[in-house]
Amino acid sequence: MSVIEATGLRKVFGTTVALDGIDLRVEPGRILGLIGPNGAGKSTAINAVLGLTPHLGHLRVLGRDPWAARDRLMRDVAFIADVAVLPRWLRVWQALDYVAGVHPRFDRAKAEGFIGRTSIGRNSRVRELSKGMVTQLHLALVMAIDARLLVLDEPTLGLDILFRKQFYDALLNDYFDRNRTILLTTHQVEEIQNVLTDFMFIHRGRIVLSCSMEDFEARYAEVTVHPERLAAARGLRPIQERQVFGRSTLLFEHADRGRLQELGDVRTPSIADVFVAVIGSAGGASQAGGR
Amino acid sequence: MATPGSTAMPDPSSEPQAEESPAFRPAAVSPARLFYWSVRRELWENRFLYVVPLIVAAVVLFGFAIGAAHLSHTRLGGRASAHHAALTPLDFAVFALMLTYVILTLIYCLGALHNERSDRGILFWKSLPVSDAITVIAKASIPIVILPMITFVVLVVTQGIMLLAGHVALPDHGAAGAASWVQAPIFPLWAAMLYHLLTVHALYYAPIYGWLLLVSAWARRAPILWATLPVAALLIIEKLVFNSSVFAHMLLSRIGGGPGAIEYPPPANMPIEAPTLANLGAFLASPGLWMGLAVCAVFLAAAVRVRRYQGPL
C-alpha cells in the first residue's frame, strides 16, 4: 500500500487556486522533499495530507481519508509543522506526560534518551528554551513515536546551521528506516539534497517535476564548458546557461554523458539550480499559455 | 540512548529493541484516557483555575483573622454589630468564592479554544491522536465539572478553618453575639452550596458555557466582543422591531437559575435549608433545564466542527 496516494487533489481559497490537480504517490521508505517558491501550495498540500484542511479530489494517507479521520490517522503519522508550535506554557515533563498519555505508539524512554543528550531541563517551559532547543524537544517527541509517516513543514526555519545539521543527522541516524516515510518541505534546498530519496517541484499548485534522486543524477548534468567548446555545447540544447566566475555553466537534461565529458567538467547539479531552471521555464510557459 | 535506531528491520513491531516488552503495542488509547489527559492539559495551561480560588480564600481568611482579632479585643463591638450581622464570615466566603467562580468560568470559556490558536499550539495538539470532540468536551468539562468541584472544596476548607478558629479564638460564641454563626449547623449550608453549584451553575448555565466556547473556537480576535455584542444587538433589534423583550426575559430567567433554587442568604435570622428532593424534582422537571442542555449540545457540536477547520491565527 502506498503511504500517500492522491489523484486530482485540488484546493481553492476564494479565487486563489492553491492546489490545481495534484497526482502523487509516495511509497514506504522514501524521503520526499516538496520544493517550491512561497505560495506554491506546499503547505496546503501538507495540510491536506495531515487532515488539517478539507480538499477536493482523491486523497488517501495510509489508506485513510485524512480529513475524515485525522485523529485516527495521527496514530501512524507524526508531524512538525513549523518551529515553535509547541505551546509556550508547556513544560518539558508535561509534554512527555501528555504524549505518553494519549499516544499508543510513543516510547517515553526513547524520548527521554534524546532529551538527555541535549541541555534541555526537565522542568523548563517551552518559552524559556531557545529556538533550537524547542526544535530538539519537538524532534525528540516525534522521533519517539513509532509512526509510519513523518511530515516536516519547514522544520528548520530560523535555526542556525549547526542545529540544522544536527536535525537532519538525527533524523537519518536515529529515526529513518525502510518502513518509514518522510515528507518534508524546506527553503534550504541545498542542505537536504543528500537527505532526500525523491523530490518534487511544486509551482502554482501544480507538480512541475517529480523525480527520484537516482533518476535525477542520470537525468541532469551540469557542465562548466571550455570557452572554445561553447558553441558546440549550446548545440546540445542546454536547459539553462549561466556565468560562474566568468565561465559558462550549462545545465543539460537527458544529455549523453560521453559527449558532455568532451565539453568540460561534468557534475551532478544541485537541486536548487535545476529548480531555478525548471521553475523559470515553467513560469514562462504558463504565462505564455495563459489561463 | 546512544543506540542508533536506524536498524533496518523489516517489521515495525520488532524495531529498536525497546526496553519494555515489544510485544505489547496497544493500537489505541481509550477515550476515557484521552479525556483524562485532555483535562490535565487544561489544568496545566490554566493554572489560574485553582490558583485564583486559593488566593481569594487566603484573602478572605486573612480578613477574617483581622476581624476576629478585633472582635475578641472589643467585646462591645460584638453586640453592636449583631444588629446588622446579616453577613457572617461564612457568607462572605460563599460570596467571594462564588463570584470568583463565575468570573473564572467566563475567562476560561472565552480563551479555551482561542488561546490554542493564537499561540499556534493547536498544530501540536492536532498532531496527536486526540479528536476535536474529545478536546472540546474536555474543555466544556472545566466550567461544568472541574471548577464547581474546585470551588466547593476550597469553600469547605475555608469555612472549616473559620469554624475551627471561631471555636478556639472567639469568646462567648455560645451567646447570641456577633459570633453566633459559629454555632449554626454548617452541613445544610454545604449541601446547599453543592446543590447550587451542580444544578444552577453546572447544568442550568451549560448553554452559556457552550455559547462562549463556540465563540472562542470561531472568533479570530476579541472573543469577548463576539460573545456579547450579538446578544446585545439581538436585544435591541427585538425591542425596536417587535417592541418586545422575549429574548431578554429568556436570558434573565436563564441567569436566574431556574426553579427549585434555594434562597440564599436565608431570610433574616432563619437557618439555611438543605436542599430537598422537592427542590431537585422541581429542577429536573423544568423544561428550561433540558432545553438549555440541548442548546449547549448544539453549541458544543458546532464548536467541534469549527475547531476542525481552524488552524493557528
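This is a tour of a predicted model with chains A and B, taken one selection at a time.

**Start with confidence**

Colour the model by pLDDT. Its overall scores are ipTM 0.88 and pTM 0.86. Chain A has an average pLDDT of 87, and 96% of its residues score at least 70. For chain B the mean is 83, with 82% of the residues at 70 or more.

Two stretches of chain B fall below 50. Select residues 1-24 of chain B: the pLDDT there is below 50, although the model gives this stretch 29 contacts beyond near neighbours in sequence. Then select residues 76-84 of chain B, also below 50, with ten such contacts.

In chain A, go to helix 3 (residues 92-102), where confidence is highest at a mean of 96, and then to helix 11 (residues 271-289), where it is lowest at 68. Residues 284-291 of chain A stay under 50, and the model has one contact beyond four places in sequence for them. Where pLDDT is low, the predicted coordinates should not be read in detail.

**The six-stranded sheet of chain A**

Show strands 5, 6, 7, 3, 8 and 9 of chain A. They form an open sheet of six strands in the order 5-6-7-3-8-9, and the pairing is mixed. Strand 5 (77-80) and strand 9 (206-212) of chain A are the edge strands, each pairing on one side only. From one strand to the next, the twist averages 15 degrees.

Zoom in on the strand 5 edge. Strand 5 of chain A runs parallel to strand 6 (residues 149-153) of chain A, and four bridges join the two. Select A:Phe79 and look across to strand 6 of chain A: A:Val151 is the residue opposite.

**The four-stranded sheet of chain A**

Next, show strands 10 to 13 of chain A. This is an open sheet of four strands with antiparallel pairing, in the order 11-12-10-13. Strand 11 and strand 13 (264-267) of chain A are at the edges with a single partner strand each, so one side of each has no neighbour in the sheet. Neighbouring strands are turned by 25 degrees against each other on average, direction ignored.

Select strand 11 (residues 240-244) and strand 12 (residues 247-253) of chain A, an antiparallel pair with five bridges. A:Gln243 faces A:Ser248 in strand 12 of chain A. The hairpin of these two strands has two residues between them, and A:Phe245 takes a positive phi near 50 degrees there.

At the other edge, strand 10 (residues 220-225) of chain A pairs with strand 13 of chain A over four bridges, in the antiparallel sense. Here A:Thr224 has A:Asp265 in strand 13 of chain A as its bridge partner.

**Helix 7 of chain B and its partners**

Move to chain B and select helix 7 (residues 132-169) together with helix 13 (residues 287-309). Their axes are 9 Å apart and the packing angle is about 130 degrees, which makes helix 7 of chain B oblique to helix 13 of chain B. The crossing of the two is right-handed. To see the contact, show B:Asp132, B:Ala133, B:Thr135, B:Val136 and B:Ala140 in helix 7 of chain B, which meet B:Leu300, B:Ala303, B:Val304, B:Arg307 and B:Arg308 in helix 13 of chain B. By class, this contact has six nonpolar, one polar and three charged residues.

Now swap helix 13 for helix 8 (residues 187-204) of chain B. The axes of helix 7 and helix 8 of chain B come within 10 Å and cross at roughly 160 degrees; helix 7 and helix 8 of chain B are therefore roughly antiparallel. This crossing, too, is right-handed. Among the residues to show from helix 7 of chain B are B:Ile144, B:Pro148, B:Phe152 and B:Leu155, and from helix 8 of chain B, B:Trp190, B:Met193, B:Leu197 and B:His201 are among those in the contact. What classes of residue make up the contact of helix 7 of chain B with helix 8 of chain B? There are twelve nonpolar, two polar and no charged residues.

**The contact between the chains**

Finish with both chains in view. The contact takes 34 residues from chain A and 33 residues from chain B. On the chain B side, helix 1 (31-45) and helix 6 (122-126) each supply at least two residues, and helix 1 of chain B gives the largest share, six residues. The side of chain B that touches chain A divides into 18 nonpolar, seven polar and eight charged residues.

How values were computed:
Residues are numbered from 1 along each chain as its sequence is written. Chains are lettered from A and ligands numbered from 1 in the order in which they are written. This is a predicted model: local features need pLDDT of at least 70, side-chain atom pairs count only at pLDDT 80 or more; totals for chains, interfaces and linings use all residues. pLDDT is the predictor's confidence in each residue, from 0 to 100. Two residues are in contact if their C-beta atoms, placed from the backbone, lie within 7 Å. Ala, Val, Leu, Ile, Met, Phe, Trp, Tyr, Cys and Pro count as nonpolar, Asp, Glu, Lys and Arg as charged, and the others, Gly among them, as polar. Axes are lines fitted to C-alpha atoms, for helices over the stretch in contact, and angles run from 0 to 180 degrees between N-to-C directions. Angles under 35 degrees count as roughly parallel, over 145 as roughly antiparallel, 65 to 115 as roughly perpendicular and the rest as oblique. A crossing is left-handed if the near helix is turned anticlockwise from the far one by less than a right angle, and right-handed if clockwise. Two strands pair if DSSP finds at least two bridges between them.
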